[in-house]
Amino acid sequence: MEIIAQPAPPRGLTRLLYRLPNKLYRAGFGRLVPARLLYLVHIGRKSGRRRTVVLEVVGRRGGSYVVCSGFGPSADWYRNVLATPEVDIQVRGTRSRAKAVVLDAEEGAEIMAEYGARHPRLGRNLARYMGFAVDGSEANFREVGRRRPFVRLDPR
């Protein structure tokens with residue numbers, strides 16, 4: 001595994017395209033969004049206002065969803081759920097309250113290795129998006145998983 005760049009949030013047209021699933025969920029068309037994308041409604045740690053983000057589901061643990069902070073621990077949504085772990089989630093048409101639980105680095109490594117094995121091409125692309133070049137090996141995916149925070153969302 002090689003660190004290729006510290007990822008920066010998308011800008012311009014790319015940002016607009018990445019935000020499209022968020023707009024679909026807000027407009028009530030969440031059922032049109034692929035099930036691998038989760039709509040997270042959380043509370044801003046400073047403002048106290050509702051904030052939303054759409055994240056890729058990288059793993060499942062029982063009835064829970066696992067997501068990764070691709071921009072690392074400084075991502076706003078991640079810092080917000082650390083401050084207020086009670087969130088709302090929606091996957092396609094199913095909404096529920098959930099509690100956000102931060103996973104340790106070894107759990108993140110396991111989840112990323114499983115994701116890479118299930119989706120080799122998507123896994124390499126996701127790693128690149130997070131700033132890592134991987135060769136597709138389990139060891140490389142595990143290392144990426146150790147370097148980014150993972151959160152399990154437990155529906156209530």
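This is a walk through a predicted model, starting with its barrel and ending at its first strand.

Let's begin with the barrel. Six strands close into it in the order 2-3-4-8-6-5, and their pairing is antiparallel. From one strand to the next, the twist averages 45 degrees.

A good place to step in is strand 2, which spans residues 37-43. This strand is mostly covered, with 6 of its 7 residues buried. On one side, 7 bridges join strand 2 to strand 3 in an antiparallel arrangement, and here you can find valine 41 standing opposite threonine 52 of strand 3. The hairpin formed by strand 2 and strand 3 has 6 residues between the strands, and in this hairpin glycine 48 takes a positive phi near 75 degrees. Strand 2 also runs antiparallel to strand 5, joined to it by 4 bridges. In that pairing, leucine 40 stands opposite isoleucine 89 of strand 5.

Moving on from strand 3, we come to strand 4. Strand 3 and strand 4 pair in the antiparallel sense over 4 bridges, with valine 57 opposite valine 67. Their hairpin has 2 residues between the strands, and glycine 62 takes a positive phi near 65 degrees there. Strand 4 itself covers residues 64-68, and it deserves a pause. Is strand 4 enclosed by the rest of the structure, or is it open? Because 5 of its 5 residues are buried, strand 4 is largely enclosed by the rest of the structure. You can check this on both faces: Ser64, Val66 and Cys68 are buried on one side, and Tyr65 and Val67 are buried on the other.

The next neighbour in the barrel is strand 8. Strand 4 and strand 8 run antiparallel and are joined by 4 bridges; valine 66 stands opposite arginine 152 in this pair. Strand 8, residues 150-155, also pairs with strand 6 in the antiparallel sense, over 5 bridges. There, lysine 99 faces its opposite number, aspartate 154 of strand 8.

Now for the helices that meet these strands. Helix 3, residues 105-118, packs on the sheet and touches strand 3, strand 4 and strand 8; the direction of helix 3 makes about 75 degrees with that of strand 3. Helix 2 lies across strand 2, strand 3, strand 4, strand 5, strand 6 and strand 8, and it runs at about 55 degrees to strand 2. Then there is helix 5, residues 138-147, where Asn140, Phe141, Arg142, Val144 and Gly145 are buried. What do the buried residues of helix 5 pack against? Their partners are helix 3, helix 4, strand 7 and strand 8.

With the framework in place, turn to the largest pocket, whose volume is about 1300 Å³. It is lined by 38 residues, of which Val53, Val54, Leu55, Phe71 and Tyr129 are the closest to its centre. Which element gives the most to this lining? That is strand 3, with 8 residues. Helix 1 (12-26), strand 2, strand 3, helix 2 (76-83) and helix 4 (120-129) each supply at least two residues of the lining. Sorted by class, the lining has 19 nonpolar, 9 polar and 10 charged residues.

Next, a look at one backbone detail. Arginine 92 has a positive phi of about 55 degrees, although it is not a glycine. You will find arginine 92 in the loop between strand 5 (86-91) and strand 6 (94-102). Its relative accessibility is 39%, so arginine 92 counts as partly exposed.

Our last stop is isoleucine 3, which sits in strand 1, residues 2-3. Is isoleucine 3 buried or exposed? Its relative accessibility is 52%, and because the cut-off for exposed is over 50%, isoleucine 3 counts as exposed. Leaving aside residues up to four places away in sequence, isoleucine 3 touches Gly131, Phe132 and Arg147. To place isoleucine 3 relative to the barrel strand where we began, go back to leucine 40: the two residues are 37 residues apart in sequence and 28 Å apart in space, C-alpha to C-alpha.

Conventions:
Residues are numbered from 1 along each chain as its sequence is written. This is a predicted model: local features need pLDDT of at least 70, side-chain atom pairs count only at pLDDT 80 or more; totals for chains, interfaces and linings use all residues. Side-chain values use heavy atoms; hydrogens and water are left out. On a 1 Å grid over the protein atoms alone, a cavity is a set of points where a 1.4 Å probe fits but cannot get out, and a pocket is an open set with protein on both sides within 12 Å along at least five of seven lines; lining residues have an atom within 4 Å of a point. Grid points are joined across faces, edges and corners, and a volume is the space filled by probe spheres set on the points. Ala, Val, Leu, Ile, Met, Phe, Trp, Tyr, Cys and Pro count as nonpolar, Asp, Glu, Lys and Arg as charged, and the others, Gly among them, as polar. Buried means under 20% relative accessible area, exposed over 50%, partly exposed in between (1.4 Å probe, protein chains only). Two strands pair if DSSP finds at least two bridges between them. Axes are lines fitted to C-alpha atoms, for helices over the stretch in contact, and angles run from 0 to 180 degrees between N-to-C directions. Contact means heavy atoms within 4.5 Å.
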